[in-house]
Amino acid sequence: MAPRSSSSVWPAVHEERRALIADLEDLPEDAWQRPSLCPGWSVHDVLAHLVDTARTTRLGFLRGMVRARFDFDRSNADGVRKHRGSSPAETLEAFRSVQHRTSGPPAPRATRLVEAVVHGEDIRRPLGIVRAYPPASVLAALRHQVETSVKLGGGKERANGLRLIASDMTFEHGSADLVGGPAVALLLAVSGRPVREGELNGSSTAVLRLMRT
């Protein structure tokens with residue numbers, strides 16, 4: 001399967017936003033406070049982060065980094081506080097309003113797909129919601145992550161020394177110790193997220209190496 005071109009990224013991102021809105025429209029009030037896969041962030045917090053990145057421009061990103069003293073985590077936390085509504089319904093409406101935006105922090109376009117899929121799972125998995133993501137989006141995100149340093153939000157160092165093979169799509173990367181499983185699970189693991197027990201296969205040592213943060 002050919003990688004996504006930069007021109008096809010935004011339609012895919014917009015579709016992921018639409019799907020997430022549909023999944024969250026009838027979410028019970030108490031479920032919004034459930035811990036997400038992002039340490040320290042609730043489901044509500046992750047959605048606020050998605051509103052923040054959708055509204056971010058290159059200049060706005062630089063201003064935010066200056067205010068955060070160039071601490072990326074602090075800048076993200078500031079964005080969550082800024083865009084977290086007084087209620088989940090307010091935050092969801094804000095997310096609906098940015099569904100078709102094409103702005104974001106200065107980074108390769110593929111990072112928008114990483115964000116859409118990984119943060120989508122950050123929210124959905126704790127809620128027991130399952131989505132069948134378009135294979136092209138997952139593969140583009142996974143290819144980007146295995147070639148991008150952890151310092152830049154990728155997972156290259158986690159994948160080093162491993163042979164990653166997707167069991168449900170045509171994807172293979174690296175050599176040596178084999179770790180296999182669904183492409184979404186591989187994407188989550190290289191992005192520093194936990195996966196379900198037994199979702200990845202290979203030697204226990206190799207799987208643990210991949211999932212180190």
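1. Is Asp45 buried or exposed? In this predicted model, Asp45 counts as buried because its relative accessibility is 12%, which falls in the range under 20% that the term buried requires. The side chain of Asp45 meets that of Arg84 in a salt bridge, with an N to O distance of 2.7 Å. Since Asp45 belongs to helix 2 (residues 43-55) and Arg84 to the loop between helix 4 and helix 5 (88-97), the pair ties together parts that are 39 residues apart in sequence. Arg84, for its part, is partly exposed, with a relative accessible area of 32%, whereas its partner Asp45 is buried.

2. A second salt bridge worth inspecting is the one in which the side chains of Glu199 and Arg125 meet, at 2.9 Å from N to O. Glu199 is placed in the loop between helix 9 (183-190) and strand 4, and Arg125 in helix 6 (residues 110-127), so that this pair ties together parts that are 74 residues apart in sequence. Glu199 counts as buried at 15% relative accessibility, and Arg125 likewise counts as buried, at 14%.

3. The side chain of Glu199 also meets that of Arg196 in a salt bridge, with an N to O distance of 3.3 Å, and here the arginine is partly exposed, having a relative accessible area of 45%. Glu199, Arg125 and Arg196 are, together with Glu121, linked in a network of salt bridges. For the model, the count of salt bridges comes to 14.

4. Turning to the sheet, how many strands does it have, and in what order? The sheet is open and has four strands in the order 2-1-3-4, with mixed pairing. Strand 2 (172-174) and strand 4 stand at the edges, and because each has a single partner strand, one side of each is left without a neighbour in the sheet.

5. The mixed pairing of the sheet can be followed through strand 3. Strand 1 (residues 162-166) and strand 3 (residues 177-181) run parallel and are joined by five bridges; within this pairing, Leu162 has Asp177 as its bridge partner, and Arg163 stands opposite Leu178. Strand 3 and strand 4 (residues 201-202), by contrast, run antiparallel and are joined by two bridges, with Gly180 standing opposite Asn201. As a general point for reading such positions, side chains in a regular strand alternate between the two faces of the sheet.

6. Among the helical residues, Met65 is found in helix 3 (residues 58-67) and counts as buried, because its relative accessibility is 9%. Met65 and Asp78 are 13 residues apart in sequence, and their C-alpha atoms are 9.9 Å apart in space.

7. On the surface, which residues form a positive patch? The patch is formed by Arg55, Arg63, Arg67, Lys82 and Arg101. One of these residues, Lys82, lies in helix 4 (residues 72-83) and counts as exposed because its relative accessibility is 65%, the cut-off for that term being over 50%. Lys82 is thus exposed at 65%, while Met65 in helix 3 is buried at 9%.

Technical notes: Residues numbered from 1 in each chain as written. Predicted model: local features only at pLDDT ≥ 70, side-chain atom pairs only at ≥ 80, totals over all residues. Heavy atoms only, no water. Patch = residues over 30% accessible without salt bridge, like charges linked within 9 Å, V, L, I, M, F, W, Y side chains within 5 Å. Areas by Shrake-Rupley, 256 points an atom, 1.4 Å probe, with all protein chains shown as cover. Salt bridge = Lys/Arg side-chain N within 4 Å of Asp/Glu carboxyl O. Lys, Arg positive; Asp, Glu negative; His and termini not counted. Charge placed at Lys NZ, Arg CZ, Asp CG, Glu CD. Buried < 20%, exposed > 50% of the residue type's maximum accessible area, 1.4 Å probe, protein only. Pairing = 2+ DSSP bridges.
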